[in-house]
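Please open the model in your viewer and keep the sequence panel at hand. The tour below proposes a series of selections and describes what is found at each one.

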Protein chains: 2
Amino acid sequence: MFCNLRRAPRSFIKVLEVSHRTIMTTELQTKFDKIFGRIDALKPVFIERLGQAIEIPAVSGDETMRPHVVKKAHFLVEQLAKIGFSDIQLKHLGVQPPPVQNPDLQLPPVVLSRFGNDPAKKTVLVYGHYDVQPAALEDGWSSEPFKMVVDEKQQLMRGRGTTDDTGPLTGWLNIVQAHKEAGIELPVNLITCFEGMEESGSLGLDGLIAREAQGYFKGVDAVCISDNYWLGTKKPVLTYGLRGVNYYETTIEGPAADLHSGIFGGVVAEPLVDLVQVLSSLVDSKGKILIDGVNEMVAPVTDKERKLYENIDFSLDDLNASTGSKTALYEKKEDILMHRWRYPSLSIHGLEGAFSSAGAKTVIPAKVHGKFSIRTVPDMDSAKLTKLVKEHCDRVFAKLSSPNTCSTELVHDGDYWISDPHNASFTAAAKATKVVYGVEPDFTREGGSIPITLTFQDELKCNVLLLPMGRGDDGAHSINEKLDISNFIGGMKVMSAYLHYYAESAEN
Amino acid sequence: MFCNLRRAPRSFIKVLEVSHRTIMTTELQTKFDKIFGRIDALKPVFIERLGQAIEIPAVSGDETMRPHVVKKAHFLVEQLAKIGFSDIQLKHLGVQPPPVQNPDLQLPPVVLSRFGNDPAKKTVLVYGHYDVQPAALEDGWSSEPFKMVVDEKQQLMRGRGTTDDTGPLTGWLNIVQAHKEAGIELPVNLITCFEGMEESGSLGLDGLIAREAQGYFKGVDAVCISDNYWLGTKKPVLTYGLRGVNYYETTIEGPAADLHSGIFGGVVAEPLVDLVQVLSSLVDSKGKILIDGVNEMVAPVTDKERKLYENIDFSLDDLNASTGSKTALYEKKEDILMHRWRYPSLSIHGLEGAFSSAGAKTVIPAKVHGKFSIRTVPDMDSAKLTKLVKEHCDRVFAKLSSPNTCSTELVHDGDYWISDPHNASFTAAAKATKVVYGVEPDFTREGGSIPITLTFQDELKCNVLLLPMGRGDDGAHSINEKLDISNFIGGMKVMSAYLHYYAESAEN
């Protein structure tokens, strides 16, 4: 039942209203009471399990830490076995491709396992990652990042990985344990896919997903990824879209080597002078992309889509708080969110080849690379965008009549992703959220990319749901990363209820 | 007889024609025959001395090499004493100011000495530097940079410091030895001022010159600096002007920290987007400075000045050869040289705070500094220029209506220098050149700066002459630095003849 929703008609995006009347049967209510009760009762066990996992500093970006990453995979295997998962496999992905210090460095394994294998049930694949970002007390943490601290006063758990992504990942183990202890049968077959390289580009995972599509992952009906966050701190969200990104490099070169500006300033055409002209032509200070044809590729906002934004819990103050400044380009909530989620943006990131240190150096750089990227949205076509970008840069450069040479290349692209927020998986998750938190979730998109989302959708030909557990202020990738205990417990209840509602859904 | 020639009327710049008839008296001819003969005869001794000096890797920019720099100072002391210089002093300049690895690091000493102290004679101070740029065989040298090689076939000496500046520096020692051995009295009192930090900003030298103006340097009539090069490879030059340089940094800041372009691209005003707008407004690709009022400060070219350029041995091919490219903004010799020497130029050097490595990083830099500098010429005023630059940047930024903040600061300035190429010192040097090389020298300026030139002029209140020894292709600061033996020998003869002509001159 795969359909490529990136190309889906916009009518898919409807105003969502989870009908409260249809959420709960008595039978389900009884099950939920038992499961939720067990989750509450097991809280100390779950916190203990998370604490043990956090103690393993599984930093994938630091080659010297690789043994810890592998150790964490083995810790998960042990926990999965203890809870009763079966067919547990460590999938090895071979050596890490360059650039690496150690050419024999092995990628950390992907942990596959399943709970249940009943052909009469739907099968849900849950993805998480057990690797983490680097962290050190000296960075400004208020406690050791790899020693989880439970702050009883603030009711949160602090440590690297609590929210990104070890907390949500262990959530899937925990809910199976809760089901077992509550004597409730898991309503779906569950498959885990836990990787150890997400913070370092998910190296090797695309290939594994492709290889296992008709193997370990055969028969998967839906994929659920719990690796993002609520938009703010109060209202739960479900995420149905991600922007893509096309990264470009414009290179201008002239002299054979860097020159001294005393001797050559004023007599040669300086590549960096040309480059700032090209870069200044791409986007204006109001964020408007100035490349002909780009804005025309963007799908227009429909009234129905606009309504999706009305109830979302977000404000200019939230944006200002997150940037620590008053540098917003828009004041209205809808404008801010639409420009984050559903309009393209062009950012200039920097220069390679020019002087970049503190102090003063009187160099004329001979060859400079300008780096910029465009966040892409429906209905932008990557190849067409690249053509427009190249033509634009070439045209601007040609007007300079410079004797230097200019070329613009696509460094990498990752497509945007958008799902139908009305499909069975989202509907089930929305009901689950309402049951647990008592509110309709906000339906959000994200400005950034999670490329593996698209890989799962395309390779397994099924819907993907982004079901966040933590809050927008959790500090993933930052110091004092935390997960509120209420989000941990609430998140596991939502995961549980989601599986039950999805199992009941008519759609496959 | 000091007059600040930077503010001198432009009529000082006259077409120079050294009258051949008046160059040589019979008495002088006899002296020159003897001195030049001795210089030729002592060639092996002079090459040996230079070779010994080159073997000491006196790299001032590398703290770990500081003992070698000091060792080279002591080597010079020994040589000066052997030749008969008196009052030899090592002037210590104290600890090197930050940034340094070792806070106790002592600056290398300045070597002062004198030869002759006859009140009836004029006194000439000769400046040189004994420190050198870094060099390593691995950089691509065809022989060990600190082991001087005499290439008999090409008749040149290769090694770090041969042309910059150990060769010219030892020239002054050598000509005193040649005079002594030839039995010819030195026609002036000679004072040496040899520093060991020129390649690292001449740290401490300004202060020493100021302190010794009425001390060791009291009574100096003229300063001669032999630390630049012929314009090309064939024709000797005398240098009467240097451009100044004002270095600026424009800082634009907004968000409190770097942001992720996925999450914030399109919703915040990006400081780097604003900065490329400001930088693109400074200068066009044809080298034209776009800041209001700057070009209006430049002294107009007079017909007489224009004539100075007519005979200069230079062409577009020379420029293309030196840049290894065809990136020249002008085709005509006069245009190229005027834009190098007597017009201002604006170069953009780079960015601090932005992404600057290879690869792709999707950062929105929170605070970026754009670095650019303006080479200054008569009659530009540094303070007025800075005012115009700041006003321009502020005006351009204001038009962007950006919520970010922008400020432009002067990082450092060094004034331009221009001398009267008709004064006694230049006239003597022109005669000396004609006697040795048989041609009138080209009167050149330099696009770059030698800030110490202005310090000598201002503190000692006397004329400064730039008298180059080496050629434009010597590779100072580059690999395979060399000094042609003919330039070494010819240069010493010019130095000798210069002292005699200057001693004879009516002007003081």
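Begin by selecting Arg395(A), which is partly exposed, with a relative accessible area of 39%. This model is predicted. Next, add Asp292(A), which is exposed at a relative accessible area of 52%. Arg395(A) and Asp292(A) form a salt bridge, and their closest N and O atoms are 3.8 Å apart. The pair links distant parts of the chain: Arg395(A) belongs to helix H11 (residues 382-399) of chain A, while Asp292(A) lies in the loop between helix H7 (271-280) and helix H8 (303-310) of chain A, 103 residues apart. As a general point, side chains of opposite charge can pair when their charged atoms come close.

Now select Lys371(A) and Glu352(A). Are these two residues buried or exposed? Lys371(A) is buried, with a relative accessible area of 0%, and Glu352(A) is buried as well, at 19%, because the limit for a buried residue is under 20%. A salt bridge joins Lys371(A) to Glu352(A), with 2.6 Å between the closest N and O atoms. Lys371(A) is found in strand S13 (residues 367-376) of chain A and Glu352(A) in strand S11 (residues 345-352) of chain A, 19 residues apart.

Move to chain B and select Glu185(B) with Lys121(B). They form a salt bridge whose closest N and O atoms are 2.6 Å apart. Glu185(B) lies in the loop between helix H4 (166-182) and strand S6 (189-195) of chain B, and Lys121(B) in the loop between strand S2 (110-115) and strand S3 (123-129) of chain B, so the salt bridge ties together parts that are 64 residues apart in sequence. Glu185(B) counts as exposed, at 55% relative accessibility.

Return to chain A and select Arg471(A), Asp473(A), Asp474(A), Lys482(A) and Asp484(A). Salt bridges with shared partners join these residues into one network. How many salt bridges does the structure hold over all chains? The number is 44.

The next stop concerns aromatic rings, of which the whole structure holds 18 pairs over all chains. Select Phe32(A) and Tyr501(A), an edge-to-face pair with 5.6 Å from centre to centre and 70° between the planes. Phe32(A) is in helix H1 (residues 26-41) of chain A and Tyr501(A) in helix H14 (residues 485-504) of chain A, so far along the chain that they are 469 residues apart. Both Phe32(A) and Tyr501(A) are buried. Add Phe36(A) to the selection: ring pairs link Phe32(A), Phe36(A) and Tyr501(A) into a cluster.

Rings also lie beneath charges. Select Arg340(A) and Phe264(B): the charged end of Arg340(A) sits over the ring of Phe264(B), 5.1 Å from its centre. Within chain B, Arg114(B) lies over the face of Tyr216(B), at 4.3 Å from the ring centre.

Finally, select helix H9 (residues 316-323) of chain B. Its buried residues are Leu319(B), Asn320(B) and Thr323(B). These residues are on the same side of H9(B), because they cover an arc of only 95° around the axis. Which residues are exposed on the other side of H9(B)? They are Asp317(B) and Ala321(B). To see what the buried residues of H9(B) pack against, display strand S10 (259-260) and helix H6 (261-264) of chain A, together with helix H10 (333-341) of chain B. End at Gly324(B), just after H9(B), where phi is positive at about 65°.

Terms used:
Residues are numbered from 1 along each chain as its sequence is written. Chains are lettered from A and ligands numbered from 1 in the order in which they are written. This is a predicted model: local features need pLDDT of at least 70, side-chain atom pairs count only at pLDDT 80 or more; totals for chains, interfaces and linings use all residues. Side-chain values use heavy atoms; hydrogens and water are left out. Rings of Phe, Tyr and Trp (its six-membered ring) pair if their centres lie within 6.5 Å; planes under 30 degrees apart count as stacked, over 60 as edge-to-face and the rest as tilted. Helices (H or I, at least four residues) and strands (E, at least two) are DSSP runs, numbered from the N terminus. Buried means under 20% relative accessible area, exposed over 50%, partly exposed in between (1.4 Å probe, protein chains only). A charge sits over a ring if NZ of Lys or CZ of Arg is within 6 Å of the ring centre and within 35 degrees of the ring normal. The arc is that of the directions from the helix axis to the C-beta atoms. Contact means heavy atoms within 4.5 Å. A salt bridge is a side-chain nitrogen of Lys or Arg within 4 Å of a carboxyl oxygen of Asp or Glu.
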